[in-house]
Structures are given as C-alpha cells and as structure tokens.
Amino acid sequence: MLRIASANVNGIRAAHRRGFGDWLATRGCDVIALQEVRAQASKLPDGAFGDFHVALETGTLPGRNGVAVLTRRPPVAVRTWSGAALLGAPDEALTSIPAEDRVPRARGLSRFVAEGRYLEVDLADAPVTIACLYLPKGGLPAHLQRPERMREAPDGGAKYARKMQFMDGFARYLTRTRRAAAAEGREFLLMGDLNIAHTRQDLAAWRRNQQTDGFLPEEREWLGQQLSPRTLVDVVRRLHPDEDGPYSWWSWLGQSFAKDAGWRIDYHLATPRLARSAVRAAVDREHEGTRLSDHSPVVVDYDWA
C-alpha cells in the first residue's frame, strides 16, 4: 500500500506553528507533495520535513511559491524546470543538485522557470513518477473586472492572461512528461493546487461563482481536457463520484470552513492503472482540532503491488 498526500501548506513555517510537524509524523504517508513552501533553504524551520527525504524547488521569489516532494527513500531522479533542486535526507543539510528536465519545455513556460512551481521525482520503491504543481491563481479577464467587487485594483486582465499562458504551455508539457514516464515503464501522478474547481460538485457556492477566477468556463474546460480514461484520471472524483466535494480549500474569513462551503482545487491526477489501484481518499480537514493551512491535505491510499 502506498499512502500519498498533497498539501498546500501556505507557508511551511506557519504550517509548523499549527501542528504540521505532528501531522507529518503521525499520518503514515509514504509520499507527500507540498505547494507554497514559501521559504528559501536558510529560512526553513528545524525539522521542516520530519523523517522524510526531500526534493525541494524553492524558486527565487522570496516568501512565495516553492514546491517539494517528500519520500521515505531517496528518489531515483529529480527534475525541475530551472535545472537545479535541493535534496536532503532526515537530519542532514540540504544540498543543491542538478535536476535537468527530460522533455523539452513547452512554449510559454520560460517566464515561470524561476518561480518554484513544478518538481518531478521518480520513486525508488515503486515504478511511479510523482509531479508536484502549484498552478498560478490568476485573475479575471478585463471585461469581468468590476472595481467595486474586487479586493485588488483592476489589472486589465494581466493575471488572467498570465494564468492562461501557463495552462496553455503546461498542457503540452504534461503530455510530454507523462509519455516519457510511460516510455520508462512508470506510472505518472500529478498532484498539487491547480487553482481550478472543475465541476459544480467541486465548489459549494457554484451559482454565485460562475464569474469568479478559478471557476471560469475556460479554466474548467482546460482541466477537463487534461482528463480521460486513457491519459489522466481524477482519483478523488473516481472514488467519490456522487459527492459534493470533498472540498480542500476554505477561506479564513467568515464561516465558510464551519459550514463546509469550500472549493476542491487540490488534486491527484493519475494514469489509469495507478488510478484503478486507489482504494481510499480523504481530506484531513483538521489535525487535532487545528487547521494546518487554508488548504487541507488530500490523502489517497493506493493498493499498489
């Protein structure tokens, strides 16, 4: 059995203050993909990754982004868009290693290579490639921007255009790297915060959010295009086909968490054979009564022999 989790920690230091270290030590995961680590190597808390080996891509933006994959054994290979990663064993300092990608970077992704948004590892104890992604949040297109309804100043659709550019390039890249894994006899699992709720089941207040970034028709269509019975399967939705949610993100504001008025934007997308091996999926809404982040870990058990 492989227990694999994805968690946007919204800052590794803040998450540890809320009990992330104890969750890490007691949840029994074999692999964990983290997004929004938000700390350069020198700023990581002591024991940031517990008893796991870690492959980390911090990016160069202080206090922003950053992705990591934690494993019980050192990964066979590590790949990033920047060509380098940090690798560490339990109780050892992180060291910088070359981490060249194996497939051509798709057009449109060059502007994102230094942002710490993507990391890929090959597991040592199973023929599986794990990819960790933090997809840009984006914004609204210019024609939907209403200053009186926005917390931030209108930007003429710049953040929206940036997200769409990323998604366009990443779709091509995802096909290439999934096929490269298959050519090496490996299953492929993409995990992360995709900042898109795919269907009405994935958003509690879908009626009033149809013109909200993260639930725009073009974003939902894009995510749907990445899924098929032959390519990638939404593992949690496969295990919970008729359920609203299970949601993985709730605003800190108001009563959205208490009322479970959330979004499902954190995913396990697996190649078909690996997806069929999934037997349980859960969202760890709290750990000992405390939220670890505005996101909650999505944990899946794969009965993988």
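The legends below describe close-up views of a predicted model.

**View 1. The open sheet of 8 strands.** The strand order is E7-E6-E3-E4-E2-E1-E14-E13, and the pairing is mixed. Strand E7 (95–99) and strand E13 (278–283) are at the edges with a single partner strand each, so one side of each has no neighbour in the sheet. On average, neighbouring strands of this sheet are turned by 20 degrees against each other, direction ignored.

**View 2. Strand E2 and its partners.** Strand E2 covers residues 31–35, and 5 of its 5 residues are buried. In a regular strand, side chains alternate between the two faces of the sheet. In E2, Val31, Ala33 and Gln35 point one way, while Ile32 and Leu34 point the other way. E2 pairs with strand E1 (residues 2–8) in the parallel sense over 5 bridges, and Ala7 is opposite Leu34 of E2. E2 is also joined to E4 by 5 bridges, this time running antiparallel. Here Val31 stands opposite Thr71 in E4.

**View 3. Strands E3 and E4.** Strand E3 (residues 53–57) and strand E4 (residues 67–71) run antiparallel and are joined by 5 bridges. One pair to locate in this view is Val54 with its bridge partner in E4, Leu70.

**View 4. Strand E14 between E1 and E13.** Strand E14 (residues 298–302) is mostly covered, with 5 of its 5 residues buried. Val298, Val300 and Tyr302 point one way from E14, and Val299 and Asp301 point the other way. E1 and E14 run antiparallel, with 5 bridges between them; Ile4 has Val300 of E14 as its bridge partner. E13 and E14 are likewise antiparallel and joined by 5 bridges. In this pairing, the bridge partner of Val283 is Val298 in E14.

**View 5. Arg280 in the edge strand E13.** Arg280 lies in strand E13. Its relative accessibility is 46%, so Arg280 counts as partly exposed. Neighbours within four places in sequence aside, Arg280 is in contact with Met1, Leu239, Val299, Val300 and Asp301. Of these contacts, Val299, Val300 and Asp301 are buried residues of E14. Ala131 is 149 residues from Arg280 in sequence, and the two C-alpha atoms are 20 Å apart.

**View 6. The open sheet of 6 strands.** In this sheet the order is E5-E8-E9-E10-E12-E11, with mixed pairing. Strand E5 (77–80) and strand E11 (233–234) are the edge strands, and each pairs on one side only. E8 and E9 pair in the antiparallel sense over 5 bridges. Leu119 has Cys132 as its bridge partner in E9. Helix H3 lies across E8, E9 and strand E10 (187–193), and runs at about 150 degrees to E10.

**View 7. The loop residue Asp125.** Asp125 is in the loop between strand E8 (118–122) and strand E9 (128–134). With a relative accessible area of 43%, Asp125 is partly exposed. Val76 is 49 residues away along the chain, and its C-alpha atom is separated from that of Asp125 by 9.1 Å.

**View 8. Helices H3 and H4.** Two packed helices are described by the angle between their axes and the distance between the axes. For helix H3 (residues 158–183) and helix H4 (residues 217–225), the axes come within 11 Å and cross at roughly 15 degrees. Angles under 35 degrees count as roughly parallel, and H3 and H4 are therefore roughly parallel to each other. The crossing is left-handed. On the H3 side, the contact is made by Tyr160, Lys163, Met164, Met167, Asp168, Phe170 and Ala171; on the H4 side, by Glu218, Glu219 and Trp222. By class, the contact of H3 with H4 has 6 nonpolar, no polar and 4 charged residues.

**View 9. The loop residue His240.** His240 lies in the loop between helix H5 (235–239) and strand E12 (266–270). Its relative accessibility is 18%, and buried means under 20%, so His240 counts as buried. Not counting residues up to four places away in sequence, His240 touches Pro246 and Ala281.

Note on methods: Residues numbered from 1 in each chain as written. Predicted model: local features only at pLDDT ≥ 70, side-chain atom pairs only at ≥ 80, totals over all residues. Heavy atoms only, no water. Pairing = 2+ DSSP bridges. Helix = DSSP H or I, 4+ residues; strand = E, 2+ residues; numbered from the N terminus. Axes fitted to C-alpha atoms, helices over the stretch in contact; angles between N-to-C directions. Parallel < 35°, antiparallel > 145°, perpendicular 65-115°, else oblique. Left-handed = near helix turned anticlockwise from the far one by under 90°. Contact = heavy atoms within 4.5 Å. Nonpolar A, V, L, I, M, F, W, Y, C, P; charged D, E, K, R; others polar. Buried < 20%, exposed > 50% of the residue type's maximum accessible area, 1.4 Å probe, protein only.
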